[in-house]
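Got your viewer ready? Here is a short tour, one selection at a time.

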Amino acid sequence: MISSPQQFIQSPYFAVVGASSARNKFGNRILRWYQVNKLNVIPVNPKEAVIETIPTVSSIEELLHPQRTALSIITPPKVTLQVLQTAKRLGIKHIWIQPGAEDIEVLKYAQEAGLNVIAGGPCLLVDGPSLLQNKSQL
């Protein structure tokens, strides 16, 4: 099942799986995009306690409101697959797999599991500004 970016951006909470403290990495750039746009975001990283002044969680299993949280995933495909399996179990409804975080196995699992995913090319950093503009008009 494919999720529309408009549905994704309507979520009250967001999590960046693969958030990084390295400012040149996409996991950090996407986290900062959420921050700059004043969206309620939490970084997910098992090795760092704080990223960009935000306390992290080590796993999506630690999210306070998983069913109301949309995930941006920026991880290697093998990790992405594990995240999707956990997301399904937790009932997470909106998932944006950023370019490079997917492979054929990830996409096949997402489809077979009936997950709402955005994948195969769109990037939040490119599509996000227009989504926010549309969100404010709703």
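This is a predicted model, and the first stop is helix α4. Look at what packs over the buried residues of α4: the cover includes α3, β6 and β7 (117-118).

Now select V106, A110 and A113, the buried residues to look for in α4. They span an arc of only 80° around the axis, so they sit on the same side of α4. Spin the view to the other side of α4 and pick I104, E105, K108, Q111 and E112, which are exposed.

Next, check the two ends. At the start of α4, a side-chain oxygen of D103 comes to within 3.1 Å of the backbone nitrogen of E105. Just after α4, click on G114, whose phi is positive, at about 70°.

From here, go to I97. Skipping its neighbours within four places in sequence, I97 is in contact with I73, T80, L84, E102, V106, V117, I118 and A119. V106 is one you have already selected as a buried residue of α4.

Time to colour the largest nonpolar core. Which of its 22 residues touch the most other members? Those are I60, L71, I73, L84, I92, I95 and I97. The elements that contribute two or more residues to this core are β1 (13-17), β5 (69-73), α3 (77-90), β6 (94-97) and α4 (104-113). Of these, α3 gives the most, with five residues. A second, separate core has 20 residues, among them I9, A19, Y34 and V41. As background, nonpolar side chains in soluble globular proteins tend to be buried together.

Next selection: T69, in strand β5. Is T69 buried or exposed? At 4% relative accessibility, T69 counts as buried, because the cut-off for that label is under 20%. Show the side chain of T69 and follow it to the backbone oxygen of H65, which it reaches at 2.7 Å. Leaving out neighbours within four places in sequence, the contacts of T69 are Y13, F14, A15, L63, I92 and H94.

Last stop: R32, in helix α2 (residues 26-36). R32 has a relative accessible area of 22%, so it is partly exposed. Its side chain makes a polar contact with the side chain of N28 at 2.4 Å. Not counting residues up to four places away in sequence, R32 touches R23 and E52. To finish, put a distance label between the C-alpha atoms of R32 and A19: they are 13 residues apart along the chain and separated by 9.7 Å. A19 belongs to the second core, the one that also includes I9, Y34 and V41.

Terms used. Residues numbered from 1 in each chain as written. Heavy atoms only, no water. Helix = DSSP H or I, 4+ residues; strand = E, 2+ residues; numbered from the N terminus. Buried < 20%, exposed > 50% of the residue type's maximum accessible area, 1.4 Å probe, protein only. Contact = heavy atoms within 4.5 Å. Polar contact = N/O pair within 3.5 Å; in protein donor to acceptor, adjacent residues only side chain to side chain. Core = buried A, V, L, I, M, F, W, Y, C linked by side-chain atoms within 4.5 Å. Arc of directions from axis to C-beta.
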